Amino acid sequence: MRRKIRIITVNHQKYAWWFNFSHGIKLHLSPAEDKTSVITVCFPCEISDQFYTVFPLFLTMRKKEHFCRIKIIEPRMTALLLADLQNHFQTRKFISLNGFDLLAEMGWHILKIENVSDW
């Protein structure tokens, strides 16, 4: 199966990003000119039993007085993460981060996680 690579511009720099579902939702971020540098941000799923997993889809978050509801696999979430991760890319380096922990480090408080099964 072919993955769809998207291009996004954040602070006048272009980045490639794509996602897949593997033990949760994984967002892969890379500078457009250096595909050997990849940061993977994983939003892990809950395993309710051996045949059924629950993937997070929407996050309702708060930072100071700003509230937002963001779909994990939309460009808005990618831009939010890239704004904080721009200086972390290194050539020929693959970095994996937990998305929930990363958002907490950025000052966001996750108020609600809406799963795919909630839809």
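Leaving aside its neighbours within four places in sequence, which residues is serine 37 in contact with? In this predicted model, the list consists of Leu29, Ser30, Pro31, Phe89, Gln90, Thr91, Arg92 and Lys93. Serine 37 itself sits in the loop between strand 3 (24–31) and strand 4 (38–44). Its side chain reaches the backbone oxygen of glutamine 90 at 3.0 Å, and glutamine 90 is also one of the contacts just named. Is this loop residue buried or exposed? Serine 37 counts as buried because its relative accessibility is 1%, under the 20% cut-off for that class.

It helps to place this residue within the whole chain. The protein chain contains 2 helices and 10 strands, and, read from the N terminus, the elements follow the order β-β-β-β-β-β-β-β-α-β-α-β. The chain has 119 residues, of which 42% count as buried. Its exposed surface comes to about 7,600 Å², with carbon and sulfur atoms supplying 52% of that area. Contacts that reach along the sequence can be described too: among those between residues at least 6 apart, 51% join residues at least 24 apart.

The start of the chain offers a pair of strands to follow by eye. Strand 1 (residues 6–10) and strand 2 (residues 13–21) run antiparallel and are joined by 5 bridges. One residue to look for is arginine 6, whose bridge partner in strand 2 is tryptophan 17. Together the two strands form a hairpin with 2 residues between them. In the turn, asparagine 11 has a positive phi of about 50 degrees.

Definitions and conventions
Residues numbered from 1 in each chain as written. Predicted model: local features only at pLDDT ≥ 70, side-chain atom pairs only at ≥ 80, totals over all residues. Heavy atoms only, no water. Helix = DSSP H or I, 4+ residues; strand = E, 2+ residues; numbered from the N terminus. Buried < 20%, exposed > 50% of the residue type's maximum accessible area, 1.4 Å probe, protein only. Polar contact = N/O pair within 3.5 Å; in protein donor to acceptor, adjacent residues only side chain to side chain. Contact = heavy atoms within 4.5 Å. Areas by Shrake-Rupley, 256 points an atom, 1.4 Å probe, with all protein chains shown as cover. Pairing = 2+ DSSP bridges.
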